[in-house]
Amino acid sequence: MSDKTTQKIGIVGVGRMGANMARRLADQGFEVAAVYDVRRESATELAKELKCHAAAKLAEVTARADFILTVVTDDQAMRDIFNAPGDNLLIGATGRTFINFATVSPQVHLEIEAAAHRAGAAAIEACMASSITQARQGTLYLILAGDSAVVEKTTPILEALSIARRYVGVTARAAQVKALVNMVMNINTAGLAEGLAIGDALGLDLNVLREIFSQTGANSRVLETDGADMKNREHDCYFSSAHAAKDSGIAVSLAKETGVRVPLAEATLAQYRLMIEKGLGELDKSGVAELTFKGRGKK
């Protein structure tokens, strides 16, 4: 098991989630040795705040850290940081452990695990079913997969970041579970947006409607997190509509692979892809209400 007083941590991808994870670990006494981001200024600003190294190259992170946390956007970004010619995280990676937090396709996690093994390193999945606030507070819910011994070795780091963790098996299982979690969440979000939009068009009091939803079978977690935002058109981003489209897309692909019909997931995916087309992809997922309420649209 790792010791936070001696093990050094590197973080690749210090956007909203990654930066708050870095702050949390530093608060908990871990040594954040290096940070990296494709947006150089993001890494530089965070490094100054945490008094650590702002790596200009990925290989610098590997050279300075024992455990490297990756928090990137999609399949291509994940492949790039591990496999790009000339500079990648697997240069000099012998003995390193990679903890991959991003929601990417299951196949990509399998590819990265195999590449890490060839480089003498280890890699596990730690998919996050939480948002920016939980990253800063250390209250993430983590879905873990990979070699159980490697997962055990990372326990102190994962405990500092999370309130709960669930190990689901071999590599790729966490990505599968996370895709399904987000698929169901996105369906609920799109359904709530339609229900509130119809209520608004009928002239119903949406505060009353939301209260009734909360006491009946229409209740859901997204009613609590997104209901008021949909009514008030407040879509500050905690989980972007672009990410909702990506994750629903992964789930729909899994459905096709297994021969399962998912008309609701496909319809929801179409809505979030439409948001991207309309330039609304960086709104929070609650922004799907901009497609359903009468008289709304791109500001």
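This report walks through the sheet, the salt bridges and two unusual backbone angles of the structure above. Please keep in mind that the model is predicted.

**The sheet**

Let's begin with the strands. Eight of them form an open sheet with mixed pairing, in the order S3-S2-S1-S4-S5-S6-S7-S8. S3 and S8 stand at the edges with a single partner strand each, so one side of each has no neighbour in the sheet. At the S3 edge, strand S2 (residues 31-36) runs parallel to S3, and two bridges join them. If you want a place to look, find Val-35, whose bridge partner in S3 is Ala-54.

**Salt bridges**

How many salt bridges does a search of the whole structure find? The count is eight. The table gives three of these pairs, with the distance between nitrogen and oxygen and the accessibility of each partner.

| Pair | N to O distance | Relative accessible area |
|---|---|---|
| Glu-49 and Arg-23 | 2.8 Å | Glu-49 42%; Arg-23 22% |
| Lys-285 and Asp-226 | 2.4 Å | Lys-285 6%; Asp-226 3% |
| Glu-290 and Arg-233 | 2.6 Å | Glu-290 4%; Arg-233 30% |

Take the pair from the helices H1 and H2 to start with. Glu-49 forms a salt bridge with Arg-23, and their closest N and O atoms are 2.8 Å apart. This contact links distant parts of the chain, since Glu-49 belongs to helix H2 while Arg-23 sits in helix H1 (residues 16-27), 26 residues away. Glu-49 is partly exposed at 42%, and Arg-23 also counts as partly exposed at 22%.

Next, look at Lys-285 and Asp-226, whose side chains meet in a salt bridge at 2.4 Å. Which parts of the chain does this pair tie together? Lys-285 lies in the segment after helix H13 (263-277) and Asp-226 lies in helix H11 (residues 221-232), so the contact ties together parts that are 59 residues apart in sequence. Are the two side chains of this bridge in buried or exposed residues? Lys-285 is buried, with a relative accessible area of 6%, and Asp-226 is buried too, at 3%.

The segment after H13 also supplies Glu-290, whose side chain meets that of Arg-233 at 2.6 Å, N to O. Because Arg-233 lies in the loop between H11 and helix H12 (241-258), this pair ties together parts that are 57 residues apart in sequence. The two partners fall into separate classes: Glu-290 is buried at 4%, whereas Arg-233 is partly exposed at 30%. Arg-233 and Glu-290 are also joined with Arg-296 in one network, through salt bridges that share partners.

**Two positive phi angles**

Finally, two residues deserve a look at the backbone. Lys-51 is not a glycine, yet its phi is positive, near 60 degrees. Lys-51 is found in the loop between helix H2 (40-50) and strand S3 (53-54). With a relative accessible area of 75%, Lys-51 is exposed.

Ala-172 likewise has a positive phi without being a glycine, at about 95 degrees. Where is Ala-172 found? Ala-172 is in the loop between strand S8 (162-167) and helix H9 (173-201). Is Ala-172 buried or exposed? Ala-172 counts as buried because its relative accessibility is 5%, and the cut-off for buried is under 20%.

Methods. Residues numbered from 1 in each chain as written. Predicted model: local features only at pLDDT ≥ 70, side-chain atom pairs only at ≥ 80, totals over all residues. Heavy atoms only, no water. Helix = DSSP H or I, 4+ residues; strand = E, 2+ residues; numbered from the N terminus. Buried < 20%, exposed > 50% of the residue type's maximum accessible area, 1.4 Å probe, protein only. Pairing = 2+ DSSP bridges.
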